[in-house]
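Below are some notes on the model, set out as numbered points. They cover the cores, two helices, the aromatic and charge contacts, the cysteines and one loop residue.

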Amino acid sequence: MSKRRVVITGLGTINPLANNVPDTWNSLINGESGIDTITAFDTSELPVSFAGEVKNFDANEYMGKQQARKLDKSSQLSIFATEEALKDANLNTDERLGPNVGIVFGTGIGGIGSTEQAVRTFDERGASRINPLAITQLMPNSSTGQVAIKYGIEGPSLTVTTACAASANAVGEAKNMIQNGIVDMVIAGGTESGTTAMTIGAFAQIRALSTYNENPKEACKPFDKDRDGFVMGEGSTVLVMESEESAINRGAEIYGYVAGYGATTDAFHITAPAEGGKGAVVAMQKAVADAGLTIDDIDYINAHGTSTPANDKNETAAIKTVFGEQAYEIDISSTKSMTGHLLGGGGAFESMVSILALKNGIIPPTINLHNPDEECDLNYTPNIAVKKELSSAMSNSFGFGGHNGVLVFKKN
């Protein structure tokens, strides 16, 4: 019995570039940066003063003050993105989706802002003054649960917390659910709102962040010789995924196909990638094989491309190992150069980018790439988008803990 084909029929996003899919895509292909000076808190005591913040989003206005106060920002963003995705898929947001729909979300650190606030309150005012909603705000699975409640999703529900690979793994696990007939539809994606003083300070302590405070929009420079770390970002992206048969039966528009998924663990170091990207190599190979393709079929790679010295060098080496001489022919880009690193929300965002690149025949650029690193010598689409007919795309996501999640998408 052949496995069912899995399609994407709805997209929704809120991120540092824009609060909807069309505006996000336009910003990406125009090479615009959503990274800027942090406005949410005082950064005067921090070594890093910039990030990719979500802009022009008022949760009180969007969902009402009473509901907004119950949720961490990561959950607020996930509800916003889910609503856009469901409407885009022509699903009725006023009706319960029911038991034949599942949900899989990825997040790296869940409700970290609410966690910090609860600890601060405990330290300053004592246990009796902690917000009674704190536990439901800080749970990593809070976004999954809150979205399921709001839209009546009664099928399987999973929260994946594999650091920066989380929402790539979420999309992959959703694909497996649909392929194997567990449900016909899955609401899949990721969310993160980790731009807090503590997380900025903590990442800065391990020298993971760029410190290019003088010009934030140019700070994230994947594959550039002068790169000095990643840029923190926040946002949520949600994909409506379903079986091809389900989509056809309800007359839904199909963006493209989720064709392949590969997941591995480096088992090497808690933060550093394995030398040469060994785990990434196997994940890419598994994803291509799962899609029923060969390396010659991959037209575009949305790279993990964090702008850290170790990741970009090792990801480049891994791509060369998998694709050989073909690696130099493949169009590659890192859209993190424009959004910053959405951590657990990154894989879902980059899945959306990959599927839109296929649909529109446009490869978004890697901005700020002006001084190429000799060890990063592939075709990274520097600074200007490229129009090109594409049939299949790969999206790479690698996370602390040695987690690797790779997805392959097909146009048809």
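1. The largest nonpolar core of this predicted model holds 41 residues. Within that core, the residues with the most contacts are Ile8, Leu11, Val186, Met241, Ile355 and Leu356. Helix H14 (residues 346-360) supplies the largest share of the core, eight residues. Isoleucine 8 can be followed in detail: leaving out residues up to four places away in sequence, isoleucine 8 touches Leu239, Val240, Met241, Glu253, Ile254, Tyr255, Gly256, Val258, Ile355 and Phe409. A second core, separate from this one, has 28 residues, including Ile301, Val322, Cys376 and Met394. As a general point, nonpolar side chains tend to be buried together in soluble globular proteins.

2. Helix H8 (residues 166-179) passes a simple length check. Its 14 residues, at 1.5 Å a residue, should span 20 Å, and the end C-alpha atoms are 20 Å apart, so the two values agree. The expected span uses one less than the number of residues. H8 is mostly covered, with twelve of the 14 residues buried. The buried set is not restricted to nonpolar side chains: among them are Ser167, Asn169, Lys175 and Gln179, alongside Val171, Met177 and Ile178. After H8 comes glycine 181, with a positive phi near 75 degrees.

3. Helix H9 (residues 197-205) contains threonine 199. How buried or exposed is threonine 199? Its relative accessible area is 5%, and the cut-off for buried is under 20%, so threonine 199 counts as buried. Beyond four places in sequence, threonine 199 touches Ile109, Ile112, Glu116, Gly194 and Met232. The other buried residues of H9 are Ile200, Gly201, Phe203 and Ala204. Helix H5 (112-125) is part of what covers the buried residues of H9. Arginine 207 follows H9 and has a positive phi, near 60 degrees.

4. The model has six aromatic pairs. One of these joins phenylalanine 203 and phenylalanine 230 edge-to-face, at 5.3 Å centre to centre with 80 degrees between the planes. The pair links distant parts of the chain, 27 residues apart: phenylalanine 203 is in H9, and phenylalanine 230 is in the loop between H9 and strand S7 (235-243). Phenylalanine 203 is buried at 17% relative accessibility, and phenylalanine 230 is buried at 5%.

5. Phenylalanine 203 also pairs with phenylalanine 400; this pair is tilted, with 6.3 Å between the centres and 50 degrees between the planes. Phenylalanine 400 lies in the loop between strand S13 (392-399) and strand S14 (403-410), so its pairing with phenylalanine 203 of H9 ties together parts that are 197 residues apart in sequence. Phenylalanine 400 has a relative accessibility of 31% and so counts as partly exposed. Elsewhere, ring pairs join Phe57, Tyr62 and Phe80 into a cluster.

6. Two contacts between a charge and a ring should be noted. Arginine 5 has its charged end over the ring of tyrosine 257, 3.9 Å from the ring centre. Lysine 221 has its charged end over the ring of tyrosine 212, at 4.7 Å from the centre.

7. Why does the model have no disulfide at cysteine 164 or cysteine 376? The sulfur of cysteine 164 has its closest cysteine sulfur in cysteine 220, 12 Å away, which is too far for a bond. For cysteine 376 the closest cysteine sulfur is also in cysteine 220, and at 13 Å this is too far for a bond. A disulfide would need the sulfur atoms within 2.5 Å, and the count for the model is zero. Cysteine 164 is buried, with a relative accessible area of 12%; cysteine 376 is buried as well, at 2%.

8. Glutamate 375 sits in the loop between strand S11 (362-363) and strand S12 (386-387). At 47% relative accessibility it counts as partly exposed. Apart from neighbours within four places in sequence, glutamate 375 is in contact with Lys313, Thr316 and Lys320. The C-alpha atoms of glutamate 375 and aspartate 224 are separated by 9.8 Å, although the two residues are 151 residues apart along the chain.

How values were computed
Residues are numbered from 1 along each chain as its sequence is written. This is a predicted model: local features need pLDDT of at least 70, side-chain atom pairs count only at pLDDT 80 or more; totals for chains, interfaces and linings use all residues. Side-chain values use heavy atoms; hydrogens and water are left out. Helices (H or I, at least four residues) and strands (E, at least two) are DSSP runs, numbered from the N terminus. Buried means under 20% relative accessible area, exposed over 50%, partly exposed in between (1.4 Å probe, protein chains only). Contact means heavy atoms within 4.5 Å. Rings of Phe, Tyr and Trp (its six-membered ring) pair if their centres lie within 6.5 Å; planes under 30 degrees apart count as stacked, over 60 as edge-to-face and the rest as tilted. A charge sits over a ring if NZ of Lys or CZ of Arg is within 6 Å of the ring centre and within 35 degrees of the ring normal. A nonpolar core is a set of buried Ala, Val, Leu, Ile, Met, Phe, Trp, Tyr and Cys residues joined through side-chain atoms within 4.5 Å.
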